[in-house]
Structure formats: C-alpha cells, structure tokens
Amino acid sequence: MAESGFDVAVNLQMSLGESPVWSVERQTLYWVDINRGRIYAWQPASDTLPAGIDFDAKIGCIALCEDGLLAALSPGIERLTFPLGSRREPVVENPEWHDGEGNRFNDGRCDPAGRLWVGTLAVDESKPSATLYCLEDGRLVPCRSDVTIANGLAFSPDRRWLYHTDSPTRRIMRYAFDASTGGMGEPEPWVDLDAHDLPGVPDGAAVDSEGNYWCALYGGAQVAKFAEDGRWLQSYSLPCPDPTMVAFGGSDLKTLYVTTATQHLDEAGLARYPLAGSLFSMRVTSPGLPEPIVAL
Ligand SMILES: O=C1O[C@H](CS(=O)(=O)O)[C@@H](O)[C@H](O)[C@H]1O
C-alpha cells in the first residue's frame, strides 16, 4: 500500500520530464523535458520560477560536468557551458551507433569515478534494439545490448553494484561493478515487480546514502523504495500515473524530487490528473549522495 507524501514543487505540464540532477555547488536542480528538448534549472531556495532553455533536439538525459552540463541530445553528446545555452561543444559527434535506426538516448548518469553511462530506447519502445553505453576517451562503448528501454541506472554507495533495468521486463538487475576500471559483471536478478505485486514498470532511480534504491514506477503512480538486499520497503503515491525519475536535492540532500510525464495521457487523462507533468518533492530521512561530476 502506497503512502502519500509528495507535494507539487513546480506546477508544469511537461510532456516527458526526466533526468533530475542536483548540483550541490550551485544549489540548483536541473532536469529535462525529453520530448520538447528543454532543460530546466531551478534554485528552490531562491523563490523564483525555473528557467527553461530550449534546444533543437530531444535530450535523453543530462549529467554535471565542470562549469556546465553534459547533454545526450539526439545527434550526439554535447557539453553545455553555464549559463546554459551560451556555449555548446560536441563531446561525441555522430556516435558509433550499435542501435536500431531511429533509437534515441534515454536514462543516464555519471558513475562515482566520473564516467558517463547512458542508455538508449528503441524507437517503437517494443524491440530489443537499444544499448547501454559508457563514455570512454570520447567514444561510446556498448556495455549491454538487446535492451528495449534502458532505465534505472544507479550505483551503490560502496561502489560495488551497478543497477539497471530494461523497463518492459519489470525487473531490475544488478551487476558487480569495478569503479576503478568501469567493468561490470554478469547480470543478477535483483528486484522483480511481479514478486512484490507492484504496478507499472521501473523507470529512473537514485540511491540514498544508506544504499536504498528509490525507483519511479511509470504507469504505477508511485515511487518505490527498495533496501540493498532487494526487499521492498515502502511506496509513496503521486497524483498522476507516470513518474519518470527521482533525485535527492536541497541543502541537506533530504528532498526527493520526482519528474513526471503527460505523454501517454489523452484529454480525459489530462482532465483527471491536472498535476501530471509537474515536478514533485517529498522530505525524506536518509539523505542522497552528491551527484558526481563527469571527468572529461
Ligand atoms: O524512460 C522512459 O520511460 C518511459 C516509460 S517506461 O518506464 O520505459 O515504460 C518511456 O515511455 C519514455 O519515453 C522513456 O523516456
């Protein structure tokens, strides 16, 4: 049974909010609307509205780098220098694509040693033609293939585990992880939503400082919290069906932010869930970990 707890942080009607990332240095939350090619930047302590910066392509995810963000745009990976939009430099142009035609970047994040990991999504969201890549020396190295929708990427605080999901499978896998080389072991089934009778599919996630894995359940109208041993601990409901990804932020890293989507709602759905597409937040007891910065 899901507890309530989330409040609207910023009332928006995003099509596909995703990739929230908190910068400790700038006390700013960044996130994207993938479908609209927009990056949001918001300082919750400032009492101002978020700024929205528009780009000419879909943006699957973002990560922090020195003086800016890395953005996985449809044509490649770019470095965007602060103030956002002022300077764009290609980091990976025309990536060597191991994917099906038309696939796009999706969920990604920086590992604790400063490498960017980014997955893709099958264009029709139904064929296993997507890939999980790691950025190494300016190249995207394929690390897992035969994925349909790469999601849920996160690392345990002791750096021993990489978590990942292929959303339609409703299972979250973990892989032994070597932070010094970026090597990942064989997949180990870790969480199966069927076994916990949980709704929706696992989407974006983040791990807190105690090693709990907080995962947005797309289509399930909730964020679920799992212990390091894979036990379901609690779920927190949202007033809209499609939460997409979570991030810890705020000055004490004890505010959990969650992005949401409207892309699969028809007119009746939009009327029924007027807060869909907003950014939500909830206070939590175990803080998150500072988001690492991609080393370029
Ligand atoms: O990451 C994404 O997830 C959603 C739904 S799902 O969780 O993968 O089922 C997908 O529709 C969206 O386009 C994608 O970015």
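How many bridges join strand S8 (residues 68–73) to S9, and in which sense do the two strands pair?

Solution. The model is a predicted one, in which local features need pLDDT of at least 70 and side-chain atom pairs count only at pLDDT 80 or more, while totals for chains, interfaces and linings use all residues. Residues are numbered from 1 along each chain as its sequence is written, and side-chain values use heavy atoms, with hydrogens and water left out.

Step 1. Strands here are DSSP runs of E with at least two residues, helices are runs of H or I with at least four, and both are numbered from the N terminus. Two strands pair if DSSP finds at least two bridges between them.

Step 2. S8 and S9 are joined by six bridges, in the antiparallel sense. Leu-69 has Leu-80 of S9 as its bridge partner. The two strands make a hairpin, with two residues between them.

**Exercise 2.** Follow S9 to its other partner, and state how far S9 is covered.

Step 1. S9 also pairs with strand S10 (residues 87–93), antiparallel and over six bridges. In S10, Glu-93 is the bridge partner of Gly-76.

Step 2. Five residues lie between S9 and S10 in this hairpin, and Gly-85 in the turn has a positive phi of about 95 degrees.

Step 3. Buried means under 20% relative accessible area, exposed means over 50%, and partly exposed lies in between (1.4 Å probe, protein chains only). Strand S9 (residues 76–81) is mostly covered, with six of its six residues buried.

**Exercise 3.** Describe the sheet that contains S11, and explain what sets its edge strands apart.

Step 1. The sheet is open and has four strands in the order S11-S12-S13-S14, with antiparallel pairing.

Step 2. S11 (104–110) and S14 (139–147) each have a single partner strand, so one side of each has no neighbour in the sheet.

Step 3. On average, and ignoring direction, neighbouring strands of this sheet are turned by 25 degrees against each other. The axes behind such angles are lines fitted to C-alpha atoms (for helices over the stretch in contact), and angles run from 0 to 180 degrees between N-to-C directions.

Step 4. S11 and strand S12 (residues 116–121) run antiparallel and are joined by five bridges. Arg-104 has Leu-121 of S12 as its bridge partner.

**Exercise 4.** Do the same for the sheet that contains S20.

Step 1. Five strands make up this open sheet, in the order S1-S23-S22-S21-S20, and the pairing is mixed.

Step 2. S1 (2–3) and S20 (201–207) are the edge strands, each pairing on one side only.

Step 3. S20 pairs with strand S21 (residues 213–218) in the antiparallel sense over five bridges. Tyr-213 in S21 stands opposite Val-207.

**Exercise 5.** Locate the annotated binding site and describe its surroundings.

Step 1. An unreviewed UniProt entry gives the annotation "binding site" to Glu-18, Asn-151 and Asp-203. These residues span 186 residues in sequence, but no two of their C-alpha atoms are more than 10.9 Å apart, so they gather at one spot. UniProt positions are given in the numbering used here, feature names are shortened, and annotations may be inferred rather than shown by experiment.

Step 2. Glu-18 belongs to strand S3 (residues 17–23) and is buried, with a relative accessible area of 4%. Contact means heavy atoms within 4.5 Å. Leaving aside neighbours within four places in sequence, the contacts of Glu-18 include Trp-31, Asp-203 and Thr-259.

Step 3. Asn-151 belongs to strand S15 (residues 150–155) and is buried, at 2% relative accessible area. With neighbours within four places again left aside, the contacts of Asn-151 include Asn-106, His-164 and Asp-203.

**Exercise 6.** Summarise the chain and its annotated domain.

Step 1. The chain has one helix and 26 strands. Its radius of gyration is 17 Å, close to the 19 Å of the globule rule for 296 residues, so the chain is as compact as a globular protein of that length. That radius is taken over C-alpha atoms, and the rule is 2.2 Å times the number of residues to the power 0.38.

Step 2. Of the 296 residues, 56% count as buried. Among contacts between residues at least 6 apart in sequence, 47% join residues at least 24 apart.

Step 3. The unreviewed UniProt entry places "domain: SMP-30/Gluconolactonase/LRE-like region" at residues 16–262. That span is 0% helix and 57% strand, and its end C-alpha atoms lie 6 Å apart.
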